[in-house]
Amino acid sequence: MLRDSFGRRLNYLRVSLTDRCNLRCSYCMPPGCPVGFIRRENLLTAEEVKRLVRVFVSLGVEKVRLTGGEPLMRRDFWDVFNGISRLPVKLNLTTNGVMLRDFLPGLRGRLHHLNVSLDTLSPKRYARITGGSRRDFYRVLDAINTALEMDFPLVKINTVVIRGFNEDELLNFVEFARDRRVAVRFIEFMPFPGNGWGADKVVPVGEMKEVIGRFYPLKPVRGFSEVSRDYTIPGFKGLVGFIGSLTQPFCDTCNRLRLTADGCLKLCLLSPVEVNLRRMLRDGADDDEIREAIKRAVFFKPKGAENTVRNAERNRRMVAIGG
Ligand code: SAM
Ligand code: SF4
């Protein structure tokens with residue numbers, strides 16, 4: 001079992017399958033963002049991803065999330081997915097949903113949770129925020145509705161809230177959960193290199209909750225998620241949750257490790273510190289040596305995300321880390 005120096009048990013691994021994406025969300029990968037892509041030869045192969053995940057599972061990881069970039073863009077997605085789904089883990093996926101519909105039959109019954117990112121319910125605004133088309137917007141909606149018809153477990157909708165951008169849609173998103181088995185999770189805007197972050201663009205979750213609470217009675221539910229504070233609303237099929245990574249960080253109970261698309265172990269989303277496991281793999285290290293390196297590294301997991309804004313400039317882009 002992996003424990004860090006603060007006694008936190010690390011049993012959740014988030015894997016970025018690629019830093020490529022079919023969208024260009026303005027807060028994540030804005031056009032003209034100065035930070036480049038990972039060189040193709042440095043991206044982990046399917047075999048390397050599967051092997052590293054196996055090693056993490058042998059160390060007590062019980063939950064794995066596939067993310068990116070856009071994980072469904074990997075040509076060998078099913079190779080990776082099938083390999084990991086054979087392991088004794090709860091397997092989760094985060095996607096922008098554009099390509100999701102065609103993947104649903106293969107994913108059915110095999111995911112613990114499906115997360116779909118959607119920051120607006122307006123097709124026109126969607127095109128502006130993501131650089132995708134209005135058609136892409138309807139593809140995402142269609143995929144969410146189809147997943148629900150196919151009886152996927154509660155679908156989580158990730159919505160990053162940015163001041164002056166989409167904060168006027170909070171109530172529309174709450175309504176989205178009225179007749180759907182979805183958990184809409186409002187996320188604070190976080191800083192990453194070149195993503196146009198500014199403190200003035202952050203809508204604190206306290207404020208979001210206050211605005212929503214004026215119109216809807218929010219009743220807390222516990223134990224649904226480790227990071228979001230979730231609420232039911234009487235008469236609603238879905239839930240509403242808030243992820244306050246900046247104003248209400250969950251560092252004390254953080255159980256997360258991250259594997260970047262080029263095989264580096266990151267101990268904290270908001271810290272630039274990493275350990276290059278790809279190099280070890282390619283230099284011929286065996287599983288025991290990799291296990292030892294992971295055990296040594298996790299001991300240095302930071303207590304909390306101090307200096308978040310200063311660190312952001314030295315950090316990687318979200319797509320490489322795996323959001
Ligand atoms: N492409 C997939 C997607 O959009 O769901 C997976 C990768 S994306 C980086 C994962 C999540 O990170 C998305 O829900 C996205 O909205 C969120 N995200 C990206 N940049 C962010 C930022 N600066 N602050 C908060 N959340 C962010
Ligand atoms: Fe792509 Fe997801 Fe980033 Fe948007 S948030 S640019 S969909 S990786």
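This passage walks through the overall build of one protein chain, then two of its loop residues, and finally its internal empty space. The model is a predicted one, and that is worth keeping in mind throughout.

Starting with the whole chain, there are 11 helices and 12 strands to keep track of. The radius of gyration works out at 19 Å, close to the 20 Å that the globule rule gives for 323 residues, so the chain is as compact as a globular protein of that length. Put a box around the C-alpha atoms, lined up with the principal axes, and its sides come to roughly 55 × 40 × 40 Å. Of the 323 residues in the chain, 58% are buried. As for the outside, the accessible surface adds up to about 14,100 Å², and carbon and sulfur atoms account for 50% of that area. The contacts tell their own story: taking those between residues at least 6 apart in sequence, 72% link residues at least 24 apart.

Next come two residues that sit in loops. Alanine 177 is found in the loop that runs between α6 (170–176) and β6 (182–188). Its relative accessible area is 0%, and since anything under 20% counts as buried, alanine 177 is buried. Setting aside neighbours within four places in sequence, the residues in contact with alanine 177 are Val182, Val184, Phe236, Lys237, Gly238 and Leu239. Valine 240 is 63 residues away from alanine 177 in sequence, yet the two C-alpha atoms are 7.4 Å apart in space.

Serine 122 belongs to another stretch, the loop between β4 (113–117) and α4 (123–130). With a relative accessibility of 25%, serine 122 counts as partly exposed. Once neighbours within four places in sequence are left out, serine 122 is in contact with Phe137 and Glu169. Leucine 91 and serine 122 are 31 residues apart along the sequence, and their C-alpha atoms are 31 Å apart in space.

That leaves the empty space inside. Rolling a probe the size of a water molecule over the atoms shows where such space is left. Searching the whole structure turns up one cavity of 30 Å³ or more. The largest cavity holds about 30 Å³ of space. Its lining is made up of Glu226, Val227, Phe250, Thr253, Cys254, Asn255 and Arg256. Sorted by type, the lining residues of the largest cavity come out as three nonpolar, two polar and two charged.

How values were computed: Residues numbered from 1 in each chain as written. Chains lettered and ligands numbered in written order. Predicted model: local features only at pLDDT ≥ 70, side-chain atom pairs only at ≥ 80, totals over all residues. Heavy atoms only, no water. 1 Å grid on protein atoms, 1.4 Å probe; cavity = no way out; pocket = protein on both sides within 12 Å on 5 of 7 lines; lining within 4 Å. Points joined across faces, edges and corners; volume = space filled by probe spheres on them. Nonpolar A, V, L, I, M, F, W, Y, C, P; charged D, E, K, R; others polar. Helix = DSSP H or I, 4+ residues; strand = E, 2+ residues; numbered from the N terminus. Rg over C-alpha atoms; globule rule 2.2 N^0.38 Å. Buried < 20%, exposed > 50% of the residue type's maximum accessible area, 1.4 Å probe, protein only. Contact = heavy atoms within 4.5 Å. Areas by Shrake-Rupley, 256 points an atom, 1.4 Å probe, with all protein chains shown as cover.
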